[in-house]
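Q: I would like to take a close look at one part of a protein model, and then see how that part fits with the rest. Please go slowly, since I am still learning to read structures.

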Amino acid sequence: MHLILTGATGLVGSGVLDAMIKMRDVSKISILSRRPVQMVEDVKDPRINVIIHKDFEKYDSELISKLQGARGCVWALGISQTQVSKEEYVKITKDYTLAASEAFQALGSEQEPFNFVYISGEGATTQPGRFSAIFARVKGETELALAEMRKANPSFHASSVRPAFIDSASHDAIKPYIPVPNLLYRTLLPVVGPAIRCGFTGSWSPTQDLGRFLTEMAMGRYKDQLVAKDIQMVGEFPILANTAFRRLAGLDSK
């Protein structure tokens with residue numbers, strides 16, 4: 001199966017790329033990236049095609065032709081709201097996602113719908129309050145827009161997954177490639193990490209399992225298992241909480 005990936009140089013995207021490489025059912029991987037992807041250069045897998053793409057708001061016919069035959073996409077492109085202005089955060093988080101979603105709808109058909117998996121985050125909300133954080137509000141707005149796209153186009157199967165504490169501690173394959181965390185994160189990790197892994201597993205998102213699960217979502221799996229209390233449905237658009245990911249991935253029994 002041919003899949004598309006964005007954000008391949010980030011934490012989540014690196015985990016997804018590693019999973020795609022290890023899955024024999026994935027016959028082709030098209031990566032949209034602003035720059036070369038070091039993991040790809042190191043593994044030298046002939047299934048991977050890195051397409052250098054500078055403007056994530058535009059998708060011309062030449063680019064779409066390179067993506068023909070793709071059955072799904074993991075949209076892992078993103079950035080922390082602390083690293084950019086509010087305007088830039090909205091552009092990267094919402095505008096880029098929706099521009100790609102519009103363009104990728106041409107890749108699906110009634111017989112073979114296109115699966116678009118949006119990486120949101122724990123704390124995102126489709127019903128923001130007065131004091132909701134920017135990231136929570138913008139990611140929720142993006143989810144609602146994707147839900148409208150899915151409603152308008154039955155061959156576009158968009159979904160959203162909200163990971164929580166994304167943890168690469170035991171994922172050696174991606175450690176040479178992931179971004180260096182900021183000082184605050186590195187300071188808190190030795191304390192917070194073990195506490196979440198041992199006592200608050202519902203908030204734990206190990207990158208190895210998360211990457212595999214997101215890849216399987218893009219392949220169209222789990223479609224008959226998306227009715228549960230930890231999966232919010234906006235029409236036909238599912239929003240999976242971290243507990244839903246863990247349960248479906250086999251990390252938790254309930």
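Which side chain meets that of Arg47 in a salt bridge?

A: This is a predicted model, and everything below should be read with that in mind. The side chain that meets Arg47 is that of Asp45, and the N to O distance in this salt bridge is 2.8 Å. Arg47 is buried, and Asp45 is buried as well. Beside this pair in the sequence is Lys44, which belongs to the loop between H2 and strand S3 (48-52). Lys44 has a phi near 55°, a positive value in a residue other than glycine. Lys44 counts as exposed because its relative accessibility is 66%, and the cut-off for that word is over 50%.

From here we can turn to other charged pairs. The structure holds 13 salt bridges, among them the one between Arg47 and Asp45. Another joins Glu141 to Lys94, with the closest N and O atoms 3.3 Å apart. Glu141 lies in helix H5 and Lys94 in helix H4, so this pair ties together parts that are 47 residues apart in sequence. Glu141 is partly exposed, with a relative accessible area of 32%, and Lys94 also counts as partly exposed, at 22% relative accessibility.

A further salt bridge is formed by the side chains of Glu216 and Arg221, at 3.5 Å from N to O. Glu216 is buried, with a relative accessible area of 10%, whereas Arg221 is partly exposed, at 32%. These two residues are linked with Asp25 in a network of salt bridges. Next to Arg221 in the sequence is Tyr222, which lies in the loop between H7 and S9. Tyr222 has a positive phi of about 75° although it is not a glycine, and Tyr222 is buried, with a relative accessible area of 14%.

The helix that holds Glu141 deserves a longer look. Helix H5 runs over residues 134-152, and its 19 residues should span 27 Å at 1.5 Å a residue; the end C-alpha atoms are 27 Å apart, which agrees with that expectation. The buried residues of H5 include Ala136, Val138, Leu146, Ala147 and Met149, but also Lys139, Glu143 and Arg150. On the inner side of this picture, the buried residues of H5 pack against helix H4 (86-104) and against four strands, namely S5 (114-119), S6 (156-161), S9 (231-234) and S10 (237-240).

Helix H1 can be read in the same way. H1 has twelve residues and reaches 17 Å from its first C-alpha to its last, which is close to the 16 Å expected at 1.5 Å a residue. Ten of these twelve residues are buried, so H1 is largely enclosed by the rest of the structure. Among the buried residues of H1 are Val12, Val16, Leu17 and Asp18. Asp18 has a relative accessible area of 8%, and, leaving aside its neighbours within four places in sequence, Asp18 is in contact with Met39, His171, Ala173 and Ile174.

Residues of H1 also take part in the nonpolar interior. The largest nonpolar core has 38 residues, and those with the most contacts inside it are Leu5, Leu17, Ile31, Phe213, Leu214 and Leu240. Several elements each supply at least two residues of this core, including H1, strand S1 (2-6), strand S2 (28-33) and helix H7 (207-218). Leaving aside its neighbours within four places in sequence, Leu214 is in contact with Val12, Val16, Val74, Val117, Ile119 and Val161. There is also a second, separate core of 30 residues, which includes Leu32, Leu77, Ala147 and Ile239.

Val12 appears again when we follow Ile166, which is placed in strand S7 (residues 165-167). Ile166 is buried, with a relative accessible area of 19%, and that value falls just within the cut-off of under 20%. Apart from its neighbours within four places in sequence, Ile166 is in contact with Leu11, Val12, Tyr185, Ser205 and Thr207. The C-alpha atoms of Ile166 and Pro206 are separated by 5.8 Å, although these residues are 40 residues apart along the chain.

Finally, nonpolar side chains are also found on the outside. Leu184, Leu188, Val191 and Val192 form a nonpolar patch on the surface, with about 370 Å² of accessible area together. Val191 has its place in helix H6 (residues 183-199), and Val191 is exposed, with a relative accessible area of 61%.

Key. Residues are numbered from 1 along each chain as its sequence is written. This is a predicted model: local features need pLDDT of at least 70, side-chain atom pairs count only at pLDDT 80 or more; totals for chains, interfaces and linings use all residues. Side-chain values use heavy atoms; hydrogens and water are left out. The expected span of a helix is 1.5 Å times one less than its number of residues. Buried means under 20% relative accessible area, exposed over 50%, partly exposed in between (1.4 Å probe, protein chains only). Contact means heavy atoms within 4.5 Å. Patches are made of residues with over 30% relative accessible area and no salt bridge: like charges are joined within 9 Å, nonpolar side chains (Val, Leu, Ile, Met, Phe, Trp, Tyr) within 5 Å. Accessible areas come from the Shrake-Rupley method with a 1.4 Å probe; for residues, only the protein chains shown count as cover. A salt bridge is a side-chain nitrogen of Lys or Arg within 4 Å of a carboxyl oxygen of Asp or Glu. A nonpolar core is a set of buried Ala, Val, Leu, Ile, Met, Phe, Trp, Tyr and Cys residues joined through side-chain atoms within 4.5 Å.
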